[in-house]
Amino acid sequence: MQDVRPDDWSAELEEVLVRVGHRFGRVDLRRQMRAYVNGLLGPVGRKNSWQLAEYVGHRTPAGLQNLLNRARWSPDEVRDDLQEYVAEKLGEPDGVLIIDDTGFLKKGTVSAGVQRQYSGTAGRTENCQIGVFAAYASRYGRALVDRELYLPKSWIGDRDRCEAAKIPDNRDFATKGDLAKVMIQRALASPLPIAWVTADSAYGQEWRLRRMLEEAGVGYVLAVPKSQSVPALGRIDLVIAQAPDEAWERHSCGDGAKGPRVYAWAAAKLPAVHDFDGDQPTHDR
């Protein structure tokens, strides 16, 4: 979770496991939960129940499969415990909530939500699941704090397929932006101190999400596509083209897989939107 030494990491993990242990009503389930988490964090190639069971020293995957498929426990309650823990360890008044999605490559057709769709992880269209995630970051470190599985319309429209994958009947179609808004609202209601929300253009282009953050009094830095329209000014790419050379500065976003990520930055105050802001705006864009 934090930038810590390996021996510190084991202590952090043990504290998290103790924190969520009460969500698993029996001793055997708590042991299986611990084994499952250690397997997920271990050097296992394909993290299916058979390979995870082998890694943690189980003769069969029956115990892990029971934990995931039949045992009574609530992932959402575990998430709430995790958010409380992260707030205690990493919480800062200027904390940032980061929204992004990622793909999980799959070979079959029965995993919930799997289909051929674009995966940013692979950089192309693949047979995969897509998850939308929320991470929390401060000067003390960063950690994942929430998740939602994206279910395509092809799944929501096939109730038999949903039933076989144990997807609840009351689950309706939701865009990735809808899932992001749900997670943001949960995070704002949690103990996590959040001053800013950030995401890429897949989420930034949704004005309802931006408006929700403004109504909540939370700052945001959201990317938008170049075709995005700016009230009273027009398309964002045309607005950017009018910026003078002296407005631009080059800054690094840190090192990436291919070295330093250096971008050109410029800032301009945008006009108020009367329908949203009224006569006395409470924030700037």
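## Helix α8 and its neighbours

The buried residues of α8 pack against β1 (96-105), β3 (124-138), β4 (141-150), β5, α9 (201-204) and α10. Keep in mind as you look around that this is a predicted model. Which residues of α8 are the buried ones? They are Gly177, Leu179, Ala180, Lys181, Met183, Ile184 and Ala187, so a lysine is listed here alongside residues such as Leu179 and Ile184, with buried meaning under 20% relative accessible area.

The helix itself covers residues 176-189, 14 residues in total. From the first C-alpha of α8 to its last is 20 Å, close to the 20 Å expected at 1.5 Å a residue.

## The second largest pocket

Let's turn to the open space. The second largest pocket has a volume of about 1,900 Å³. Its lining is made of 44 residues, and those closest to the pocket centre are Tyr220, Val221, Leu222, Ala223 and Val224. By class, 28 of the lining residues are nonpolar, while eight are polar and eight are charged.

Several elements share in this lining: β5 (196-199), α10 (207-216), β6 (219-222), β7 (229-230), α11 (236-241) and β10 (259-265) supply at least two residues each. The largest share, five residues, comes from α10. Both β5 and α10 also appear among the elements that the buried residues of α8 pack against.

## The annotated domain

UniProt, in an unreviewed entry, lists residues 23-230 as "domain: Transposase IS701-like DDE". In the model, the end C-alpha atoms of this span lie 47 Å apart. Residues 23-230 are 40% helix and 24% strand.

How values were computed: Residues are numbered from 1 along each chain as its sequence is written. This is a predicted model: local features need pLDDT of at least 70, side-chain atom pairs count only at pLDDT 80 or more; totals for chains, interfaces and linings use all residues. Side-chain values use heavy atoms; hydrogens and water are left out. On a 1 Å grid over the protein atoms alone, a cavity is a set of points where a 1.4 Å probe fits but cannot get out, and a pocket is an open set with protein on both sides within 12 Å along at least five of seven lines; lining residues have an atom within 4 Å of a point. Grid points are joined across faces, edges and corners, and a volume is the space filled by probe spheres set on the points. Helices (H or I, at least four residues) and strands (E, at least two) are DSSP runs, numbered from the N terminus. Ala, Val, Leu, Ile, Met, Phe, Trp, Tyr, Cys and Pro count as nonpolar, Asp, Glu, Lys and Arg as charged, and the others, Gly among them, as polar. The expected span of a helix is 1.5 Å times one less than its number of residues. Buried means under 20% relative accessible area, exposed over 50%, partly exposed in between (1.4 Å probe, protein chains only). Contact means heavy atoms within 4.5 Å. UniProt positions are given in the numbering used here, feature names are shortened, and annotations may be inferred rather than shown by experiment.
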